[in-house]
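Thanks for asking me to look this one over. My notes follow as numbered points, so you can check each against the structure as you read.

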Amino acid sequence: MKDVNVGICGLGTVGGGTFNVLTRNAGIIAGRSGCNIRISRVASRRSRDDLALGNIPFSTDVFDVVNDPEVDIVVELIGGYEAAKELVLAAIANGKHVVTANKALIAVHGNEIFEAAEKAGVVVAYEAGVAGGIPVIKAVREGLAANRIDTIAGIINGTGNYILTEMRAGRDFAEVLKEAQDLGYAEADPTFDVEGIDAAHKLTILAASGFGVPLQFEKGFTEGISTLTPYDIAHAELLGYRVKHLGIARRREDGIELRVHPTLVPKSHLIAQVDGVLNAVMVDGDAVGQTMYYGPGAGDEATASAVIADIVDVARSVAAESNQRVPYLGFSPDAIEDLSVLSMEDIQSAYYLRIQALDRPGVLAKIASILSEHGINIESIMQKESEFKDGRIPVIILTHTVQERQMNLAIEEMESLSDIADKVIRIRAENFN
Ligand SMILES: NC(=O)c1ccc[n+]([C@@H]2O[C@H](COP(=O)([O-])OP(=O)(O)OC[C@H]3O[C@@H](n4cnc5c(N)ncnc54)[C@H](OP(=O)(O)O)[C@@H]3O)[C@@H](O)[C@H]2O)c1
């Protein structure tokens, strides 16, 4: 059995998990890959006494791994943008294959990295960067290779999903965020998770591998969950919907929709049932229909599971000395379509609206008339006398699907009415029919 040498850069959560699973399951992994995958060198800022490194050379400089002629596959698990980019490009320049869990790196610098990899004839694999342990990239790229994929949508940030799940019990965002931080689910600086940036990184990668378009992170739309209230979550429930923080990528003739925002999902849809820190991705293919991939989106060994799946994939081709590899985005580079991301005004969605109406006669008629002028049909409307307070009463409306541009105009007009107090609250809704 041929040896394939792996060098791990970064021995943190995922690096440690990868080391332990590769060591513990070496026999199973050899059986599956048909080669002997050896950890031949590791590097990280600090060593870890809890890992059984034995005689494996350790250094604090990750470039020792990249410059080691014995290493076939460099596993980048240091995270971040700049140092990781330098490391990955240096590995490629040295003719080494790369496996990474770094979604930020791939979403932002992936086009440049893949181009370099293509020229050098090496592979850059990134399964663990999207939905942690769930093998969704492989599913999209290989398992669904027969399909034209038009929609990919998912819960791709466990921290946000944990917070929304807890808010269903009537708890405030700030209180649940603090709890998530105490439990270790959320970072001290939670911006990437709660403002949707982390999800947008993953969605960018999913859209590129699903639709065969370039990575276009900077053009996506991102709205976080920090302004959601238990009130709106409870009223969405009354209407038969659950609020989820979704990444939605939709391929249209004129471009692609790429957006992360709180979304009402029918309670009966599988995505609505995914609670806590778990992730789920729905992929709609023209041949297969709707498929769902569900599981842990983070964690040391769960993420290591995806890192090692990539190592096995690459190791097989190294051992076979074959050039027949799955292209980096699952499409041959000359088949990548230059389909651009649509402006948010051009997306289509249904909407939940909460309008603070003053208790005056005719307000409902004015709201209905503004919506109708903009071609917006109402699916349901709710107004409860019991919620009348300080001369105001909230009007909750669920609309049919309409272009965001029309909704922006309607909201602007409603907010200019003297009968409406405050800004109109809007949450987008999807039926996934
Ligand atoms: N954690 C997860 O569940 C998860 C899931 C999916 C994907 N990921 C991705 O996996 C990657 C690693 O995440 P992680 O959670 O394992 O992070 P982590 O626990 O912070 O581990 C990173 C490790 O790399 C070391 N390091 C960072 N920069 C370095 C440098 N320039 N030179 C040498 N060592 C360096 C760090 O050292 P110090 O400890 O000294 O800083 C740390 O040991 C990230 O891209 C992340 O987005 C993580």
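**Notes on the model**

1. Let me start with helix H1 of this predicted model. Val14, Gly15, Gly16, Gly17, Thr18, Phe19, Val21 and Leu22 are the buried residues to look for in H1. Their cover includes strands S1 (3-9) and S2 (36-43), along with helices H2 (26-33) and H12 (300-320).

2. The helix itself has 12 residues, running from 13 to 24. From its first C-alpha to its last H1 reaches 16 Å, close to the 16 Å expected at 1.5 Å a residue. As general background, an α-helix has 3.6 residues a turn, so residues three or four places apart point the same way.

3. Now for the ligand. Which residues come nearest to the ligand? Of the 20 residues around it, they are Thr13, Val14, Arg45, Arg46 and Gly299. Val14 is worth a second look, being also among the buried residues of H1.

4. The polar contacts can be taken one at a time. For Val14, a backbone N or O atom lies 2.8 Å from an oxygen atom of the ligand. Ser44 uses its side chain, where an N or O atom is 3.2 Å from a ligand oxygen atom. In Lys103, a polar side-chain atom also lies 3.2 Å from an oxygen atom of the ligand. As for coverage, the ligand taken alone exposes 890 Å², and the protein buries 74% of that.

5. Two backbone angles deserve your attention. Most residues other than glycine have a negative phi. Asp390, however, has a positive phi, near 50°, and sits in the loop between strand S14 (378-382) and strand S15 (392-399). Phe432 is not a glycine either, yet has a positive phi of about 50°; you will find Phe432 in the segment after strand S17 (420-429).

6. Are these two residues buried or exposed? Asp390 has a relative accessible area of 70%, which is over the 50% cut-off, so Asp390 counts as exposed. Phe432 has a relative accessible area of 8%, under the 20% cut-off, and therefore counts as buried.

7. Finally, a word on the annotation. An unreviewed UniProt entry carries the label "domain: ACT" for residues 352-428. In the model, the end C-alpha atoms of residues 352-428 lie 6 Å apart. By secondary structure, the span is 30% helix and 40% strand.

Notes: Residues are numbered from 1 along each chain as its sequence is written. This is a predicted model: local features need pLDDT of at least 70, side-chain atom pairs count only at pLDDT 80 or more; totals for chains, interfaces and linings use all residues. Side-chain values use heavy atoms; hydrogens and water are left out. Helices (H or I, at least four residues) and strands (E, at least two) are DSSP runs, numbered from the N terminus. The expected span of a helix is 1.5 Å times one less than its number of residues. Buried means under 20% relative accessible area, exposed over 50%, partly exposed in between (1.4 Å probe, protein chains only). Contact means heavy atoms within 4.5 Å. A residue is near a molecule or strand if one of its heavy atoms lies within 4 Å of it. A polar contact is a pair of N or O atoms within 3.5 Å; within protein, one must be able to donate a hydrogen and the other to accept it, and residues adjacent in sequence count only if both atoms are side-chain atoms. Accessible areas come from the Shrake-Rupley method with a 1.4 Å probe; for residues, only the protein chains shown count as cover. UniProt positions are given in the numbering used here, feature names are shortened, and annotations may be inferred rather than shown by experiment.
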